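Reader: Hi! I'm new to reading protein structures. Could you walk me through this one?

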Amino acid sequence: MTSNDKMPRTYHVRTLGCQMNEHDSERMAGLLEADGLVPVELVPAAAARATNAGDAGADVVVINTCSVREAAANRLFGNLGQLASVKRQRPGMQIAVGGCLAQQMREKIIEKAPYVDAVFGTHNIDVLPALLRRSAHNQQAAVEIAESLKVFPSTLPTRRESAYSAWVSISVGCNNTCTFCIVPSLRGRERDRRPGEVLAEVEAVVAQGALEVTLLGQNVNSYGAGFGDRGAFAKLLRACGNIEDLERVRFTSPHPAAFSDDVIWAMAETENVMPTLHMPLQSGSDTILRAMRRSYRQKRFLGILDKVRQAMPEAAISTDIIVGFPGETEEDFQQTLEVVEQARFASAFTFLYSPRPGTPAADREDQIPHQVKLERYNRLIALQEQICLAENQKLEGSTVEVLVAEGEGRKDQETHRISGRARDGRLVHVALPAGQKAPRPGDIVTAQVTYGAPHNLIADSGLNGGMFSVRATRAGDAWEARQSKEEAYSQQVSLGIPAIRPRG
């Protein structure tokens, strides 16, 4: 219980960055729950204390940081400054900082923000509860950073964000040496989990109700190198195809240099592996790819896309692109535009190059002026928007199976739609026919695409008596059961009745 009332002690985890951080945040939440804390959203009186600082009203706020972008540190300390004022007004409140930026900055976080209670890195998230207890006991900040992975995160307690979809890590770390990337120095060398461990976790989350699993790694298709089987990732995908009730398998992210034909065929021949692929380009210029130390070239990249589309014509391929890498000329940038035009990406995550201290690219003297980078970035965005629109318009009239999700459609209530992802990963907003009860998150809706927009598909076929059907799933049952438990818990807490915490 908190010190000033009878409410349970609550927590809130804020995640910045990539899918691996989302995975790790679920472990942080699980650790805190195992230590007796409760998600703040389950305690209405605590949630009502929420401020604009992003504290959510919690007694313990954990920020899981990212260091990929240059502004990451400024953003973190801006957030911490806002939380400091809340902490002064909330006796017993604690603030913890973890993730890549914590691994990088270490004690400097406490030097700049002395009101932070705990700092931990990417290799030792298991120490979070102990650090909070130590800080409270000693009345001073507790900082603990490990230099290598001690406990594989996937073995830790977890509170999964979703009842119907799960992250499953197959490896941590990265052996690549891209000159722009800070991640290998913060996440360490690649370490693979054994296939049996991965498949056991997949089976476990499916048994709990999940129908979709995303396999995670910094470079998933190098999976197996650590235990002497370079074909292990394709085998893992095929093995996932044999897991009963697992309907959708995705993975992220592969590396073009190591992407092999056996993975393509495993995707094409395994029914529950979705026709979606995230393939980071970074640049279309061989000169820049060489400077980035990306061990593939334009021809190799486009060849992979051709093979994928020959095996899976319906595949939706997304990418990452960096604009304004040091030394990038207008000719280099034009080559990127040409590759984007040829590749016809379903979506692209585009970034202005941001120098990261400690990386070789940051020390180069031929940095590109910001205005030049911005002008190129805007041209790239305009081209990709045109491509997204054209490719999505081609899907008008097609049938989509949509896994209904929470939080995908910000305007769903006012537009009377539900939202989720199609098999190929595209975001779809589906109109509900008059009188139709809203499907549960985790259920599958089938409808016809009526409009293709640049960033999503609209499927309003059910409004006029056209195609619309709902398939209730085990995942929907799991979501409903969790909602019922959490609502009952919240009601008991509000009434001051002792209650057993629902485990996610």
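**A first look around**

Author: Happy to! Let's begin with S171, which is found in strand β8. Keep in mind as we go that this is a predicted model.

Reader: Okay! Is S171 buried or exposed?

Author: S171 is buried, because its relative accessibility is 0%, and the cut-off for buried is under 20%.

Reader: Which residues does S171 touch, not counting those up to four places away in sequence?

Author: S171 touches M20, F152, E190, R191, D192, L216, G217 and Q218.

Reader: What comes after β8? I'm curious about the loop between β8 and α7.

Author: C178 is found in that loop, with β8 covering 171-172 and α7 covering 183-187. C181 has its place in the loop between β8 and α7 too.

Reader: Does a record say anything there? Which positions does UniProt list under "binding site"?

Author: UniProt, in an unreviewed entry, places the feature "binding site" at C174, C178 and C181.

Reader: And how accessible are C178 and C181?

Author: C178 counts as buried because its relative accessibility is 10%. C181 has a relative accessible area of 27%, so it is partly exposed.

Reader: What is C178 in contact with, leaving aside its neighbours within four places in sequence?

Author: C178 is in contact with M292, R293 and R294. Another residue to look at here is R290, which lies in helix α11, residues 286-292. R290 and C178 are 112 residues apart in sequence, yet their C-alpha atoms are 9.6 Å apart in space.

Reader: Neat! Is R290 buried or exposed?

Author: R290 is exposed, because its relative accessible area is 51% and the cut-off for exposed is over 50%.

Reader: Switching topic: I'd like to hear about strands. What's the story with β11?

Author: Strand β11 runs over residues 248-252, and five of its five residues are buried, so the rest of the structure largely encloses it. Both of its faces are covered: R248, R250 and T252 are buried on one side, and V249 and F251 are buried on the other.

Reader: Which strand is joined to β11, and how many bridges are there?

Author: That's β10, residues 212-216: five bridges join it to β11, and the two run parallel. As one example, E212 stands opposite R248 in β11.

Reader: What happens to the chain after T252?

Author: The peptide bond from T252 to S253 is cis, with omega near -5°. S253 is found in the loop between β11 and α10, a helix covering 261-269.

Reader: Let's try helices. How do people describe two packed helices?

Author: They use the angle between the two axes and the distance between those axes. Here, take α13 (residues 330-343) and α14 (residues 370-393): their axes come within 10 Å and cross at roughly 10°.

Reader: What does that angle make them?

Author: It makes α13 roughly parallel to α14, because angles under 35 degrees count as roughly parallel.

Reader: Which residues make the contact?

Author: From α13 there are E330, F333, Q334, L337, V340 and E341, and from α14 there are R376, R379, L380, L383, Q384 and I387. Sorted by class, the contact of α13 with α14 has six nonpolar, two polar and four charged residues.

Reader: Back to strands for a second. What order do the strands of the open sheet follow?

Author: Seven strands form that sheet in the order β19-β20-β17-β16-β15-β18-β21, and the pairing is mixed. The edge strands are β19 (451-452) and β21 (468-471), each pairing on one side only.

Reader: And how do β16 and β17 pair?

Author: Strand β16, residues 417-421, and strand β17, residues 427-431, pair in the antiparallel sense over five bridges. G420 has V428 in β17 as its bridge partner.

Reader: Last one! Which residue in the loop between α15 and β16 should I look at?

Author: Try H416, found in that loop, where α15 covers 412-415. Phi of H416 is near 55°, a positive value in a residue other than glycine. H416 is exposed, with a relative accessible area of 57%.

Reader: What about Q139?

Author: Phi of Q139 is near 55°, again a positive value in a residue other than glycine. Q139 is found in the loop between α6 (128-138) and β6 (142-144), and it counts as exposed at 68% relative accessibility.

Notes: Residues are numbered from 1 along each chain as its sequence is written. This is a predicted model: local features need pLDDT of at least 70, side-chain atom pairs count only at pLDDT 80 or more; totals for chains, interfaces and linings use all residues. Side-chain values use heavy atoms; hydrogens and water are left out. Helices (H or I, at least four residues) and strands (E, at least two) are DSSP runs, numbered from the N terminus. Buried means under 20% relative accessible area, exposed over 50%, partly exposed in between (1.4 Å probe, protein chains only). UniProt positions are given in the numbering used here, feature names are shortened, and annotations may be inferred rather than shown by experiment. Contact means heavy atoms within 4.5 Å. Axes are lines fitted to C-alpha atoms, for helices over the stretch in contact, and angles run from 0 to 180 degrees between N-to-C directions. Angles under 35 degrees count as roughly parallel, over 145 as roughly antiparallel, 65 to 115 as roughly perpendicular and the rest as oblique. Ala, Val, Leu, Ile, Met, Phe, Trp, Tyr, Cys and Pro count as nonpolar, Asp, Glu, Lys and Arg as charged, and the others, Gly among them, as polar. Two strands pair if DSSP finds at least two bridges between them.
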